[in-house]
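Trainee: Before I use this structure at the bench, could we go through the terms applied to it and ask, for each one, what justifies the word?

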Amino acid sequence: MASENNQAAGSDVEEEEKYKKPPSSYGSMKSDSDEMGEKEDYEEEGGGGEMVFLAPPDPLVIPVVGLYVDQLHSTQPILPQMMPSQYTETLCTETTEQTKPPGAMVIETGSSDIEDMTEDELEDEDEMLVTCSPEPPEPLEMEGLTQSDENSQPGRLDPELDLPHIFKTIQNVLTRLSSQELFKFKMWFNKWEPINLLQQVMDGDLLDFVDKVIELYGLDKALSKTISTLESMDKKEEAEELKQTCQKAIFHFYLRSTLFRKCQVLHEGVARAGKQKLLNEVYVEPQISTCGFGGVDPTHEILAQPLTPLQVPSEDTFVALNNLFRLQKEDGSPVRTVVTMGVPGSGMSVSVAKFSLDWAQQHANRDLQYIIKLSFQGLHYLRNRNNPQEEMSMAAVMKYYHAPLNDLKLLEEENSRFLIIMDCFDCYQETLDWQNTPVINDNQTKAPIDALVVNIIRGTLLRGACVWILGRRAAVSQIPSEFIDAVTELQGFTDEMKDEYLTKRFPDANLATNIVRHYKHVPMIRILARHPFFCWMVAKLFSGSFQYQGYGANHPRLTPFLIHYMIIQTNRRLRFYYKKKDNELRWTDTEKQLLTRLGKMAFKMLEMNTCVFIEEDLKEVDLQLTEVVIFSGLCTELNPAAFSGRRTFCFSHFTIQEFMAALYIFLMFYIESRNVLDTGFWQMPKFLSSRNNSKSAAGLVQCAVDRTLSSQLGRYDMFLRYLCGLLSPHCHYSLLRGFLYSHNTPKVEGLAEVQQLLEQSAQTAPEDRVMNLHECLREMTQEDD
């Protein structure tokens with residue numbers, strides 16, 4: 001009889017399981033076919049009490065048989081205090097009965113086999129446990145436990161942006177539909193979707209439907225599709241209610257999708273179809289320091305000591321990109337306004353894209369409800385599109401760039417926490433009056449764009465916003481320090497980061513290995529690759545060269561590398577600051593004069609044995625401060641604190657100054673037939689006496705060699721190398737022709753005599769100069785670039 005009773009009980013259970021509704025995939029946060037086979041047990045107190053979730057036990061730990069409800073709210077893990085007995089009764093006593101407070105409810109989790117239970121006990125158990133309701137749960141709050149993301153950042157999604165709120169809102173609105181309307185809604189919802197939901201949603205109830213569409217499409221698409229389907233059914237009242245109740249989520253989803261679309265692809269150089277790189281696949285985070293010294297790398301291939309007191313921040317000042325707004329002020333309060341700067345090529349634009357993409361994918365900074373980009377480049381366009389004196393309100397500006405934001409009520413709520421990213425400060429070419437601009441407190445008040453910019457940074461407009469300002473130091477230095485909470489500086493890559501970046505860029509591991517090995521052959525290229533832009537140039541130039549058979553046998557040349565850098569930065573100046581299109585990037589006399597005069601100043605600095613200049617130095621060669629230190633992309637401003645508060649500037653690296661000085665000497669020789677180096681005291685070699693012409697290429701190089709060998713090591717050595725490199729037909733005829741001079745300019749003649757001169761000089765030069773002379777010869781004669 002016992003056997004028959006057990007069989008009957010078993011068949012009843014099987015029959016019950018057959019018609020039992022499967023657990024909601026929403027409620028368990030897993031799909032129904034989760035390969036882990038996890039499940040959750042629900043307990044209702046008094047039929048309408050709090051629903052409690054019990055996580056599945058660790059398979060490597062003996063499970064606790066009984067847990068009382070109060071323990072679920074403890075911040076400490078619940079672990080047995082002693083080795084449990086193998087007997088069920090003893091285990092139950094040890095873990096629950098000894099510590100059970102009066103009146104506590106104990107949930108039995110399988111302490112006995114089902115065969116040993118009577119039918120009455122089974123019925124009581126069925127009434128006590130509710131396991132098939134797909135009703136969305138309330139999030140389980142634990143006192144003292146802060147939610148963290150994968151970057152160990154504190155913060156929690158706003159409840160109105162989280163899954164339970166959106167689930168319940170959709171459910172409540174659809175509940176008001178009649179059965180015929182709900183059937184029609186399901187049909188319309190399924191009609192235009194590529195995934196066939198008809199069979200899946202028609203067999204279930206409303207909760208099953210909401211659960212399934214959120215699981216398949218995600219919150220954003222499920223919500224937007226529900227609204228559009230209601231509008232198609234002419235259920236405008238329900239659609240409007242859904243919009244109003246979930247307006248935070250709708251704007252949040254809009255910003256995330258917009259940032260994801262704009263930032264997921266890394267835009268490098270000239271866009272080519274099918275050649276785009278995904279940002280997450282190639283991104284390597286550069287070092288960011290809270291103690292900036294100007295961002296200039298003081299290391300050099302030949303010079304042992306820098307010419308100025310340049311410094312590199314210590315490692316304890318570095319901060320992760322996604323932790324910029326976890327910084328605190330001196331009083332311990334969180335920062336509001338953070339300024340990030342760096343030398344040209346340090347990766348500010350890519351850092352903004354990565355920060356935005358991580359937020360859009362909810363990988364970081366989830367406590368920020370919104371991230372809104374308000375570029376200074378866009379604000380400058382808005383200022384000058386019609387009338388610079390045209391007045392707009394802050395609400396109108398936000399509406400212009402973010403149409404779904406109908407008003408600023410979402411941003412004006414008391415607990416609203418969001419970020420405004422204002423990048424490219426150097427693109428806002430207007431002088432801002434920080435002292436006399438009136439204070440604006442109302443986002444609806446109309447004012448000139450200049451006044452809006454000042455008040456955003458002051459904090460009187462968009463009061464609840466954190467503000468992230470990015471730009472070159474010479475531009476952002478005009479912002480008064482009282483409006484800035486933290487200043488950070490991009491420091492670039494370490495040697496390990498350079499290799500990681502170059503390795504991640506290429507799916508061909510052999511090609512990546514060749515490039516990493518190849519660029520390290522020239523110390524100066526390795527030093528320059530500290531900045532991400534130079535590292536990208538290394539990848540771009542060398543990956544193309546390695547397509548040719550036999551490339552890599554010789555070390556790379558440095559002069560073509562810097563010519564490409566100068567051309568790209570000048571084209572960027574035309575594109576970013578003068579709004580030229582790609583087919584309009586023709587160099588005029590303005591660009592030629594800018595680079596020639598900049599080279600003249602660089603040569604004067606080289607003669608003075610200095611690498612810093614001030615505004616008066618620019619005026620001596622008829623140059624404007626903004627054109628040089630911001631727009632040119634070749635110079636930067638140093639930290640005034642290192643020079644007694646005086647504004648000082650330098651080239652992005654000392655070797656760029658050496659290159660520009662050599663470029664000036666070469667242009668004077670090539671275009672105007674002048675030998676600027678000829679002081680009349682140089683000694684003519686015997687094999688050149690027949691020509692006796694200081695204006696020949698050999699005469700020019702002889703003057704440069706004399707200067708180099710008569711000066712201390714490192715002062716003119718790299719200058720000589722670049723000058724010889726510019727005499728190479730590949731550099732002056734293939735790379736520079738059409739930019740700084742016309743296409744019909746002939747090649748430089750007499751290079752065989754220059755080669756003979758360098759070979760003879762290497763035989764008689766001091767030992768510490770011989771290697772550089774050989775490098776000069778290689779820069780001029782090597783043709784495998």
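Mentor: Let us begin with a pairing, bearing in mind that this is a predicted model. Strand β8 (residues 337-341) and β14 run parallel and are joined by 4 bridges.

Trainee: What makes β8 and β14 count as paired strands?

Mentor: Pairing requires at least two bridges between two strands, and 4 bridges join β8 to β14, therefore the term applies. Within β14, Glu489 has Met341 standing opposite.

Trainee: How do you know that β7 is paired with β14 as well?

Mentor: The reasoning is alike: strand β7 (residues 287-289) is joined to β14 by 3 bridges, and the requirement is at least two, so these strands pair too, in this case antiparallel. Here Ser289 is the residue that stands opposite Glu489 in β14.

Trainee: Why is β14 called mostly covered?

Mentor: Strand β14 spans residues 486-492, and 6 of its 7 residues are buried, where buried means under 20% relative accessible area. For the protein chain, buried residues make up 50% of the 785 residues.

Trainee: Why is Cys263 called buried?

Mentor: Its relative accessible area is 5%, and the cut-off for buried is under 20%, so Cys263 meets the criterion. Cys424, with a relative accessible area of 12%, is also under 20% and is therefore buried.

Trainee: How do you know that Cys424 is in no disulfide?

Mentor: A disulfide needs two cysteine sulfur atoms within 2.5 Å, whereas the nearest cysteine sulfur to that of Cys424 belongs to Cys427 and is 4.5 Å away, so Cys424 is in no disulfide. The structure as modelled holds 0 disulfides.

Trainee: Why is Trp188 called partly exposed rather than buried or exposed?

Mentor: Trp188, which is found in helix α6 (residues 179-191), has 34% relative accessibility; buried would require under 20% and exposed over 50%, so Trp188 counts as partly exposed.

Trainee: What makes Trp188 eligible for a surface patch, and which residues share that patch?

Mentor: Patch members need over 30% relative accessible area, and Trp188, at 34%, therefore passes that cut-off. The nonpolar patch is formed by Phe183, Met187 and Trp188, which together have about 290 Å² of accessible area.

Trainee: How much of the accessible surface of the protein chain belongs to carbon and sulfur atoms?

Mentor: Carbon and sulfur atoms account for 49% of an accessible surface that comes to about 39,000 Å² for the protein chain.

Note on methods:
Residues numbered from 1 in each chain as written. Predicted model: local features only at pLDDT ≥ 70, side-chain atom pairs only at ≥ 80, totals over all residues. Heavy atoms only, no water. Patch = residues over 30% accessible without salt bridge, like charges linked within 9 Å, V, L, I, M, F, W, Y side chains within 5 Å. Areas by Shrake-Rupley, 256 points an atom, 1.4 Å probe, with all protein chains shown as cover. Salt bridge = Lys/Arg side-chain N within 4 Å of Asp/Glu carboxyl O. Buried < 20%, exposed > 50% of the residue type's maximum accessible area, 1.4 Å probe, protein only.
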